[in-house]
Amino acid sequence: MRFDMKSLLAATAFAAFLSAPALAQAPAVVPYRYAATTPSNCVDPAGFPNFLNQMRREAQAQGVSPRGLAALDGLTFEIGIVRRDRGQKVFTQTFEEFSGRMVPPRMGRAVQMMKRHASLLSRIEQEFGVPPGVLVAIWGLETDFGAYLGDFPTVKALATLAYDCRRPEKFRPELIDVLKIVDRGDIDPATARGAWAGEIGQTQFMPSSYMKFAIDYDRDGRRDLVKSIPDVLGSTANYLRGHGWQRGQGWGPGQPNFAAIQEWNKAPVYARTIAHFAERLEAAK
Ligand SMILES: [Ca+2]
């Protein structure tokens, strides 16, 4: 069990690295004060408070109110997150290996979820054109249907990666976006935890995707991708539709909707695994 869990997290970390929420939208390139310095300066914790002040000013300039800005208060630099980011191993599993490890253990629970949430999934399919099996497959592969969201404090993780010099142009806008998400009351920064790269919620949205595609599908006034299953599944369908999903078309490799799945996750093995899992779930209905 423990081994399985580690494998899942390794796969998830890899998925995070290549995931569509991470890479689908090219982040705006902003001038970065560490760009001209050597990498070693980028992980000096002494510069972190100044960096947070700079981010605070930038967020404020983009309209973030004190509630959102407060999420930066007292944050500390976490070198362990930088090590994770730099220590990602090359993914060498084949589709057969990866899908064979990920899909069969989740099949029973996935079928249960298809039944338990049938009316919600049907409503989503009518509205967005995305079949239930696709959403349940993604939900299962990302977090085991919401069971394992990750333990890293989300804002701290994003602030650390925004400060580090490896990919500031990606993570700086993500940090500002998470402050906006906190600001509008969608998530609580004190309890928001997730994967090390700052993904949020049961299908692991990066903040920029959260801003663009999260919807309040249970109509309680918040776009809550951490706790609300209707919000999670509706938003995931909204993401796929926003990336070109076509109602009534197939999603296997070579079919029109495979491209939307690849926007979810660029890694071919992962995308094929989503497609295969979804196919099996739809066949089992
Ligand atoms: Ca909601």
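How are helix 9 and helix 15 oriented to each other? The tour below returns to this question once the overall picture is set. The model on display is predicted.

**Overview**

Begin with the whole chain in a cartoon representation. Its secondary structure comprises 15 helices and two strands. Of the 285 residues, 48% count as buried. For contacts in the chain with a separation of 6 or more, 71% are accounted for by residues 24 or more positions apart.

**Stop 1: helix 9**

Select residues 132-143, which form helix 9. Its twelve residues should span 16 Å at 1.5 Å a residue, and the end C-alpha atoms are 17 Å apart, which agrees. Is this helix enclosed or open to the outside? Twelve of the twelve residues are buried, so helix 9 is largely enclosed by the rest of the structure. The buried residues include Pro 132, Val 134, Ile 138 and Trp 139, and Glu 142 and Thr 143 are also on that list.

**Stop 2: helix 15 and its crossing with helix 9**

Add residues 268-283, helix 15, to the selection. For the 16 residues of helix 15, 1.5 Å a residue predicts a span of 22 Å, and the end C-alpha atoms are indeed 22 Å apart. Buried residues in helix 15 include Val 269, Tyr 270, Arg 272 and Ala 275.

Now display the two helices together. Their axes come within 8 Å and cross at roughly 125°. An angle over 115 degrees but not over 145 counts as oblique; helix 9 and helix 15 are therefore oblique to each other, which answers the opening question. Helix 9 passes helix 15 in a right-handed crossing. To see the contact, show the side chains of Gly 133, Val 134, Val 136, Ala 137, Ile 138, Gly 140 and Leu 141 on helix 9, and of Thr 273, Ile 274, Phe 277, Ala 278, Leu 281 and Glu 282 on helix 15. Colouring this set by class gives nine nonpolar, three polar and one charged residues.

**Stop 3: the loop after helix 9**

Move along the chain to Asp 144, just after helix 9. This residue is found in the loop between helix 9 and strand 1 (152-153). Asp 144 has a positive phi of about 50° although it is not a glycine. Phe 145 lies in the loop between helix 9 and strand 1 as well, and has a positive phi of about 60°, again without being a glycine.

Which of the categories buried, partly exposed or exposed applies to Asp 144? With 18 C-beta neighbours inside 10 Å, Asp 144 counts as partly exposed. Phe 145 has 21 such neighbours inside 10 Å and counts as buried. The cut-off for burial is 20 or more.

**Stop 4: helix 5 and helix 10**

Select residues 79-86 for helix 5 and residues 154-163 for helix 10. These helices pack at an angle of about 65°, with their axes 9 Å apart. They are therefore roughly perpendicular to each other, and helix 5 passes helix 10 in a right-handed crossing. Ile 81, Val 82 and Asp 85 of helix 5 make the contact with Ala 157, Thr 160 and Leu 161 of helix 10. By class, the residues of this contact divide into four nonpolar, one polar and one charged.

**Stop 5: helix 11**

Continue to residues 168-183, helix 11. Its 16 residues reach 22 Å from the first C-alpha to the last, close to the 22 Å expected at 1.5 Å a residue. Helix 11 is mostly covered, with 13 of its 16 residues buried. Gly 185, which follows helix 11, has a positive phi near 85°.

**Stop 6: two loop residues**

Select Ala 197, in the loop between strand 2 (193-194) and helix 12 (207-213). Ala 197 is buried, with 29 other C-beta atoms within 10 Å. Draw a C-alpha to C-alpha distance from Ala 197 to Val 155: these residues are 42 apart in sequence and 9.9 Å apart in space.

Finish at Gln 246, in the loop between helix 13 (229-242) and helix 14 (258-264). Gln 246 has 16 C-beta neighbours inside 10 Å and counts as partly exposed. Not counting residues up to four places away in sequence, Gln 246 touches Pro 256 and Asn 257. A last C-alpha to C-alpha distance, to Phe 128, gives 8.9 Å in space for a pair 118 residues apart in sequence.

Technical notes. Residues numbered from 1 in each chain as written. Predicted model: local features only at pLDDT ≥ 70, side-chain atom pairs only at ≥ 80, totals over all residues. Helix = DSSP H or I, 4+ residues; strand = E, 2+ residues; numbered from the N terminus. Expected span 1.5 Å × (residues − 1). Contact = placed C-beta atoms within 7 Å. Axes fitted to C-alpha atoms, helices over the stretch in contact; angles between N-to-C directions. Parallel < 35°, antiparallel > 145°, perpendicular 65-115°, else oblique. Left-handed = near helix turned anticlockwise from the far one by under 90°. Nonpolar A, V, L, I, M, F, W, Y, C, P; charged D, E, K, R; others polar.
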